[in-house]
Amino acid sequence: MTPVPYPVLFGMAGAFSFSAIIIVLGQLLTGEILWAAAIIGFIFSFAVILAIYHFLKKYIN
């Protein structure tokens, strides 16, 4: 079994927490659960977290 790299785990954890914030704020502000916004937010934040990781890895090492 191939281990999952740490940046992917941390990226997913950050993306899940960002999605949870979108869901909670959407529920509080609009009274509806904003699933589409949460999914888009998850994908976007996961991509941004991994891009930042690769940028830092390239310029720090």
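Here are three short exercises on a predicted model of a protein, each with a worked solution.

**Exercise 1.** Find out whether Ser-45 is buried or exposed, and say which element holds it.

*Solution.* Start with the location: Ser-45 sits in helix α2, which covers residues 35–60. Next, look at the relative accessibility of Ser-45, which is 9%. The cut-off for buried is under 20%. Ser-45 therefore counts as buried. For the wider setting, buried residues account for 18% of the 61 residues in the protein.

**Exercise 2.** Work out what surrounds Ser-45 and Phe-42.

*Solution.* Begin with the link between the two: the side chain of Ser-45 comes to 3.2 Å from the backbone oxygen of Phe-42. Phe-42 is also part of helix α2. Now set aside neighbours up to four places away in sequence. Ser-45 then has contacts with Ala-15 and Phe-18, while Phe-42 touches Met-12, Ala-15, Phe-16 and Ser-19. Finally, take one of these partners, Phe-16: 26 residues separate Phe-16 from Phe-42 in sequence, yet their C-alpha atoms are 6.3 Å apart in space.

**Exercise 3.** Describe the overall build of the protein, using its secondary structure, its radius of gyration and its surface.

*Solution.* First, count the elements: there are two helices and zero strands. Second, compare radii: the protein has a radius of gyration of 14 Å, whereas a compact globule of 61 residues would have one near 10 Å. Third, check the box along the principal axes, which is roughly 45 × 30 × 15 Å for the C-alpha atoms. Last, turn to the accessible surface: it comes to about 4,900 Å², and 79% of that belongs to carbon and sulfur atoms.

How values were computed: Residues are numbered from 1 along each chain as its sequence is written. This is a predicted model: local features need pLDDT of at least 70, side-chain atom pairs count only at pLDDT 80 or more; totals for chains, interfaces and linings use all residues. Side-chain values use heavy atoms; hydrogens and water are left out. Helices (H or I, at least four residues) and strands (E, at least two) are DSSP runs, numbered from the N terminus. Buried means under 20% relative accessible area, exposed over 50%, partly exposed in between (1.4 Å probe, protein chains only). A polar contact is a pair of N or O atoms within 3.5 Å; within protein, one must be able to donate a hydrogen and the other to accept it, and residues adjacent in sequence count only if both atoms are side-chain atoms. Contact means heavy atoms within 4.5 Å. The radius of gyration is taken over C-alpha atoms; the globule rule is 2.2 Å times the number of residues to the power 0.38. Accessible areas come from the Shrake-Rupley method with a 1.4 Å probe; for residues, only the protein chains shown count as cover.
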